[in-house]
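Me: Please take a close look at one part of this structure for me. I am in my first year, so keep it plain and go step by step.

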Amino acid sequence: MKRKAQGAIEYLFMIAAALIIVAIVIKYLRNTGTSTGEVVNQSAQKLTNLTNQSIQNATK
């Protein structure tokens, strides 16, 4: 009986460890996606500003 219980507990620990790793990876990927999105938005804003400046300078 002890052998089966030990095997079941080891199995549960392996599942718990796998779930923790998956949670860490998901958190990391979400943070990376957010920071990448912010960089893209900032770059797009800079390009928009430069384009507007160029158009204003060309019409003068």
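Reply: Here is a look at a surface patch and the helix around it.

Bear in mind that this is a predicted model. Start with the whole chain. The protein chain has one helix and zero strands. Its radius of gyration is 26 Å, well over the 10 Å that the globule rule gives for 60 residues, so the chain is more spread out than a compact globule. The box around its C-alpha atoms tells a matching story: roughly 90 × 5 × 5 Å along the principal axes.

Now zoom in on the patch. Y11, L12, I15 and L19 form it, and it is a nonpolar patch on the surface. Together these residues offer about 440 Å² of accessible area.

Take I15, one of the patch residues. I15 sits in helix α1, which covers residues 2-59. Is I15 buried or exposed? Its relative accessibility is 34%, so I15 counts as partly exposed. The reason is the cut-offs: buried means under 20%, exposed means over 50%, and partly exposed lies in between.

A18 also belongs to helix α1. With a relative accessible area of 41%, A18 is partly exposed as well. Follow the chain from A18 to L50, 32 residues apart. Their C-alpha atoms are separated by 48 Å.

Last, step back to the surface as a whole. Buried residues make up 0% of the 60 residues. The chain exposes about 5,800 Å². Carbon and sulfur atoms supply 66% of that area.

Key
Residues numbered from 1 in each chain as written. Predicted model: local features only at pLDDT ≥ 70, side-chain atom pairs only at ≥ 80, totals over all residues. Heavy atoms only, no water. Patch = residues over 30% accessible without salt bridge, like charges linked within 9 Å, V, L, I, M, F, W, Y side chains within 5 Å. Areas by Shrake-Rupley, 256 points an atom, 1.4 Å probe, with all protein chains shown as cover. Salt bridge = Lys/Arg side-chain N within 4 Å of Asp/Glu carboxyl O. Helix = DSSP H or I, 4+ residues; strand = E, 2+ residues; numbered from the N terminus. Buried < 20%, exposed > 50% of the residue type's maximum accessible area, 1.4 Å probe, protein only. Rg over C-alpha atoms; globule rule 2.2 N^0.38 Å.
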